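Let's take a walk through a protein together. Have a look at the sequence and the 3D view, and then we will go from the inside outwards to a few details.

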Amino acid sequence: MNTYNNTLTAAGNGFGRAFADNFLGEAPDWYKLTIAAFLLLNPLILYVSGPFTTGWVLIGEFIFTLAMALKCYPLQPGGLLAIEAVLMGMTSTDAVYHEVIENIEVILLLMFMVAGIYFMKSLLLFVFTKILINVNSKSMLSLLFCAVAAVLSAFLDALTVTAVLIAVAVGFYSVYHRVASQQPHHHHDHDHSNDEHVVEYHREDLDQFRAYLRSLIMHGAVGTALGGVCTLVGEPQNLLIAEKAGWEFLQFFLQMAPVTIPTLFAGLITCVILEKSKILGYGAQLPLAVREVLLNFSREEEKKRTPAQVAELWVQGIVALLLVFALAFHVAEVGIIGLMIIVLLTSFNGVVQEARIGHAFEEALPFTALLVVFFAIVAVIHQQHLFEPVTHFVLSQKPEQQPALLFLANGILSMISDNVFVATVYINEVKAALTAGDITREHFDKLAIAINTGTNLPSVATPNGQAAFLFLLTSALAPLIRLSYGRMVLMALPYTIVLSIVALTCVIYAI
């Protein structure tokens, strides 16, 4: 009998240990305990303090999961928090579904546009390799990355441009990592996330190359914000604000220009200063050994490029032009255009096997799922009216103070929440005030400008502030170049300060 009990106890202990090991997989034990504590404490906080306080606690917990994205992908812990919020009655499944439907354009964009960019990798790597090799000045190259990202984001959208930057950076990194691991260029099955086979004398150059790519990718990501704020297609909330204000493409650009154009130039100047000063992780140079590898790679690729591969590049170039025109003239929703891009590129370049097509969706779909979880948290914010006190305070102030206060309120809330949601809440509030006759049309226009610039510019402070930044943080690139949440916040800090000050000054004095 004792033997049976001991065996049962041992089996029980083994099962408990196995369950604990399986929970959130390879995440550290302290992280698992923290998430478990969140899940256990939330019902108690709801009972003691009510749904409003619990809602803000839930936001803090979700931001924690984003901040620890390199310890554990946020989909699982964030999803558990979202499920618990629904079970506690903080929101409903219908409300979550409503948020998803309201943001279906963003979801379609992630599903199809990012996958479409995957089939342009050859062209992107070809073009950007030429730029990287031929532009020797790091400051000039950084400025070029930032400016090009800004221009592209003004006509495309920030997520699409970020997907391009990620594809290019992963391409660069994988080329050198194969050499550092003593693998041939054509070894396409090489795992560039594993440093086990990296030769010791390559490690220092690899670390410096990571720092080099980190700074370039951050300049480019900030560039997407600088350009995205300028036009109604740059960010999802811009289109919503333009619709409420009744502005078309050119009118939107002209209304925003007194704030966005000075801010754009301030951002580009900041880019150069950061590279020259070499602070906060900027200024890393491309190691000579890496430049040589990329140069050799480019030469080898050109020598062995077959007529079929040249034809592929031409097809990708033509489809890229079609993409720009289709997005600029908004012939369809961005996600639908992305699906068109997939069909054209795969059809004319002979990618017709399901397995090959499936690889294109591996990068975007985990983030798409995470974004739906994010919408569940947004549904809690909406249903518990967490932002209403701020709204009422701003609209109760003197009219001349409201644009600046609204800019600050939108900026701060966008740093910790979804800038699309924040913009939606505030533009609806000021539209209601206009309809009720509480404010004039001229004042409404000023408030709309403050809302748009407030949600787009200070939100570069954190990855959760902008979908493009969150996409970058949770992409396959981030762990390769050691871009953590904290490092991202630190590197964005100079931009956050400069952009916020310049934009706020323009909101006060220029509109």
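Which residues have the most contacts inside the largest nonpolar core? They are Tyr 212, Ile 217, Met 218 and Leu 483, and the core they belong to has 163 residues. Helix H9, which covers residues 158-180, gives this core its largest share, with 15 residues. Keep in mind as you look that this is a predicted model.

Let's pick one of those core residues and see what surrounds it. Setting aside residues within four places in sequence, Met 218 is in contact with Tyr 282, Phe 469, Leu 483, Met 488, Met 491 and Ala 492. You may recognise Leu 483 from the list of residues with the most contacts inside the core.

Now find Gly 228, which lies in helix H10. Gly 228 is buried, because its relative accessible area is 0%. Apart from residues up to four places away in sequence, Gly 228 touches Ser 153, Ala 154, Gly 234, Glu 235 and Asn 238. For a sense of distance, try Leu 313: Gly 228 and Leu 313 are 85 residues apart in sequence, and their C-alpha atoms are 28 Å apart in space.

Next come the charged side chains. Side chains of opposite charge can pair when their charged atoms come close. How many salt bridges does a search of the whole structure find? The search finds three.

One of them joins the side chains of Glu 275 and Lys 138, with 3.2 Å from N to O. This pair links distant parts of the chain: Glu 275 is in helix H12 (residues 249-277), Lys 138 is in helix H8 (residues 138-155), and 137 residues separate them. Are these two partners buried or exposed? Glu 275 counts as buried because its relative accessibility is 3%, and Lys 138 counts as buried at 4%.

Another salt bridge forms between Asp 207 and Arg 210, whose closest N and O atoms are 3.0 Å apart. Both residues sit in helix H10 (residues 200-228), three residues apart, about one turn of the helix. Asp 207 is partly exposed, at 44% relative accessibility, whereas Arg 210 is buried, at 4%.

Asp 445 and Arg 441 also form a salt bridge, and the distance between their closest N and O atoms is 3.0 Å. These residues are separated by about one helical turn because they are four residues apart in helix H21 (residues 441-456). Here Asp 445 counts as buried, at 14% relative accessibility, and Arg 441 counts as partly exposed, at 36%.

What about the cysteines? A disulfide is a covalent bond between the sulfur atoms of two cysteines. The count of disulfides in this model comes to zero. Why does Cys 271 have no such bond? The closest cysteine sulfur, in Cys 146, is 4.8 Å from the sulfur of Cys 271, too far for a bond. Cys 271 is buried, with 0% relative accessible area. For Cys 506, the closest cysteine sulfur is in Cys 230, and at 12 Å that is too far for a bond. Cys 506 also counts as buried, at 12% relative accessibility.

Finally, how confident is the predictor? The mean pLDDT of the protein chain is 84, and 92% of its residues reach 70 or more. Over residues 7-11, however, the pLDDT is below 50, and this stretch has zero contacts in the model beyond near neighbours in sequence. Where pLDDT is low, the predicted coordinates should not be read in detail.

How values were computed. Residues are numbered from 1 along each chain as its sequence is written. This is a predicted model: local features need pLDDT of at least 70, side-chain atom pairs count only at pLDDT 80 or more; totals for chains, interfaces and linings use all residues. Side-chain values use heavy atoms; hydrogens and water are left out. A salt bridge is a side-chain nitrogen of Lys or Arg within 4 Å of a carboxyl oxygen of Asp or Glu. Helices (H or I, at least four residues) and strands (E, at least two) are DSSP runs, numbered from the N terminus. Buried means under 20% relative accessible area, exposed over 50%, partly exposed in between (1.4 Å probe, protein chains only). pLDDT is the predictor's confidence in each residue, from 0 to 100. Contact means heavy atoms within 4.5 Å. A nonpolar core is a set of buried Ala, Val, Leu, Ile, Met, Phe, Trp, Tyr and Cys residues joined through side-chain atoms within 4.5 Å. A disulfide is a pair of cysteine sulfur atoms within 2.5 Å.
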